[in-house]
Amino acid sequence: RAALGYEGLKRRLWAFVDRFGQNRGFGAAEARAYISALADAAVVERGLDLASALEEALGRAEGLLRSAGPSAVAEDARRAIDRWRSLPRGKVPAGLLSSVPQPRGRPPRMKTGLTAVAVMTGAYALGLGLEEAGFSVAAAVFLDPAAARNYRLNRPFNSALEGMAPPGEVLAVSGLAPGQVDLLAFELPAEPFSTAGRRMAMADPRADAVAYLSSLLERLRPRALLLLAVPGILTARALPNLPEVSAWKAVLRVVSRAGYRAAWREVEAADYCAAQLKRRVALLASRSSLPLPRLPQPACSRQPSLATSAPWLTLAEALAGLRDPGPSSPLPSAYAEAMKYVPGGGNWRLIPAWLRDKVMGGAAAVDGGKTGFFRRLAWFEPSPTLVAHPAGKATMLIHPYEDRPLGVREYAR
């Protein structure tokens, strides 16, 4: 019953936020901050749990919108946010998330007898997914030495390699022969192709990963390939002097020349019921002599239908029942001061002008929404993409209630 009640509440919250869309003066971020400010006040002053506080806040906002229109909502939001700035919030109150459905238990791991090699999967999140899907990860290759050390601590009997280890070495530590690897899981680095970077594509040394992929396909001869990349790869040019060749077409050519047929599309992690917004290009390929795997259909949606019956999971649902957030990155003092002005769901636009120019620096004059700058998360939305540096001014992931970045164990949820 609690789960059904919260599902209806978050759909109403999203409908209210979407009503303001990309408005310049009072947009979706301000609408989220308005609801969060009202809810936090109810939590601090009257001890309400989160669902009750959000229900009350939303009822007030919806009623005002119906009776007086968007301008009245914007004016009430300014007062609510000013009031929020003086709230003695402190730590998350005990029982705050008691009315929010806790994460569903993980299904028992299947035993499929299938083997996988996981390459450049960050901190091994994709590898964990493979394990839960029933794959035995015979070898893992990490670019980050810290990730490799962490893997060895948690998987002391498994093989971990660092850097772009020679394919022969990968094959040797896996204990498999060419053609015996069922799946090669490979994540391309984001930096050469992301719209947030310089987009040097194949001219970026980190894009050597494409050639590395080619060598692994040739030597390992896996039965299937799972390849993930940031969406920016679809529009990035392969090389500055070859504007007509896209980076993604160059990757597809590598896969095809190795003797694989491929199917791909953009996917959103939240659509597969992760409490995180993370868009990726997902490619599944198989050797030409084998059936082509199919990408699974989404199971969750921001606008659920008969095809996707469940709404997205929110940050509150992901963190419900978690007692220890784990260590978090330190927040520079100037940034911490700025975040005292930003309720959940808001960002840099809510920082007073006298302080905004100081903490934003030259970024304040740069075009674009800059939605990640000085961003505090909202309980009732999925988290944005989890980044390596959640305390950076452009990549901030500040807790909805406390003045700190998300902790390690919160990331793990």
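These legends go with a set of close-up views of a predicted model.

**View 1. Helix α4 and its buried residues.**
Start with helix α4, which has 15 residues. From the first C-alpha to the last, α4 reaches 20 Å, close to the 21 Å expected at 1.5 Å a residue. Several α4 residues are tucked away: Ala-72, Val-73, Ala-74, Asp-76, Ala-77, Ala-80, Ile-81 and Trp-84 are its buried ones. When you look at spacings like these, keep in mind that an α-helix has 3.6 residues a turn, so residues three or four places apart point the same way.

**View 2. A salt bridge between helices α4 and α2.**
Here the side chains of Arg-83 and Glu-45 meet in a salt bridge, at 2.3 Å from N to O. Arg-83 sits in helix α4 and Glu-45 in helix α2 (residues 28–46), so this pair ties together parts that are 38 residues apart in sequence. How exposed are the two partners, Arg-83 and Glu-45? Arg-83 is partly exposed, with a relative accessible area of 39%. Glu-45 is partly exposed too, at 43% relative accessibility.

**View 3. A network of salt bridges.**
This view is about charged residues joined up as a group. Arg-60, Glu-75, Asp-76, Arg-78 and Arg-79 are linked in a network of salt bridges. One member, Asp-76, also appears among the buried residues of α4. For the wider picture, a search of the whole structure finds 27 salt bridges.

**View 4. Glu-402 and Lys-91, a link between distant parts of the chain.**
The side chains of Glu-402 and Lys-91 meet in a salt bridge, 4.0 Å from N to O. This pair links distant parts of the chain, 311 residues apart: Glu-402 is in the loop between α12 (353–360) and α13 (408–412), while Lys-91 is in the loop between α4 and β1. Is Glu-402 buried or exposed? Glu-402 counts as buried because its relative accessibility is 9%, under the 20% cut-off. Lys-91, on the other hand, counts as exposed at 65%.

**View 5. The salt bridge of Asp-204 and Arg-206.**
Asp-204 forms a salt bridge with Arg-206, and their closest N and O atoms are 2.9 Å apart. Asp-204 is buried, with a relative accessible area of 5%. Its partner Arg-206 is partly exposed, with 42%.

**View 6. Two exposed residues in the loop between α4 and β1.**
Take a look at Ala-94, which is found in the loop between α4 and β1. Ala-94 is exposed, with a relative accessible area of 82%. Its C-alpha is separated by 9.2 Å from that of Asp-49, and the two residues are 45 residues apart along the chain. Lys-111 also has its place in the loop between α4 (70–84) and β1 (114–119). With a relative accessible area of 85%, Lys-111 is exposed. Between Lys-111 and Glu-7 there are 33 Å in space, C-alpha to C-alpha, and the pair is 104 residues apart in sequence.

**View 7. A positive surface patch.**
Which residues form the positive surface patch? Arg-237, Lys-249, Arg-253 and Arg-257 do. Helix α9 (residues 247–257) gives the most to the patch, with 3 residues. Lys-249 has its place in helix α9. Lys-249 counts as exposed because its relative accessibility is 51%, over the 50% cut-off.

Methods:
Residues are numbered from 1 along each chain as its sequence is written. This is a predicted model: local features need pLDDT of at least 70, side-chain atom pairs count only at pLDDT 80 or more; totals for chains, interfaces and linings use all residues. Side-chain values use heavy atoms; hydrogens and water are left out. Patches are made of residues with over 30% relative accessible area and no salt bridge: like charges are joined within 9 Å, nonpolar side chains (Val, Leu, Ile, Met, Phe, Trp, Tyr) within 5 Å. Accessible areas come from the Shrake-Rupley method with a 1.4 Å probe; for residues, only the protein chains shown count as cover. Lys and Arg count as positive and Asp and Glu as negative; His and the chain ends are not counted. The place of a charge is taken as NZ of Lys, CZ of Arg, CG of Asp or CD of Glu. Helices (H or I, at least four residues) and strands (E, at least two) are DSSP runs, numbered from the N terminus. Buried means under 20% relative accessible area, exposed over 50%, partly exposed in between (1.4 Å probe, protein chains only). The expected span of a helix is 1.5 Å times one less than its number of residues.
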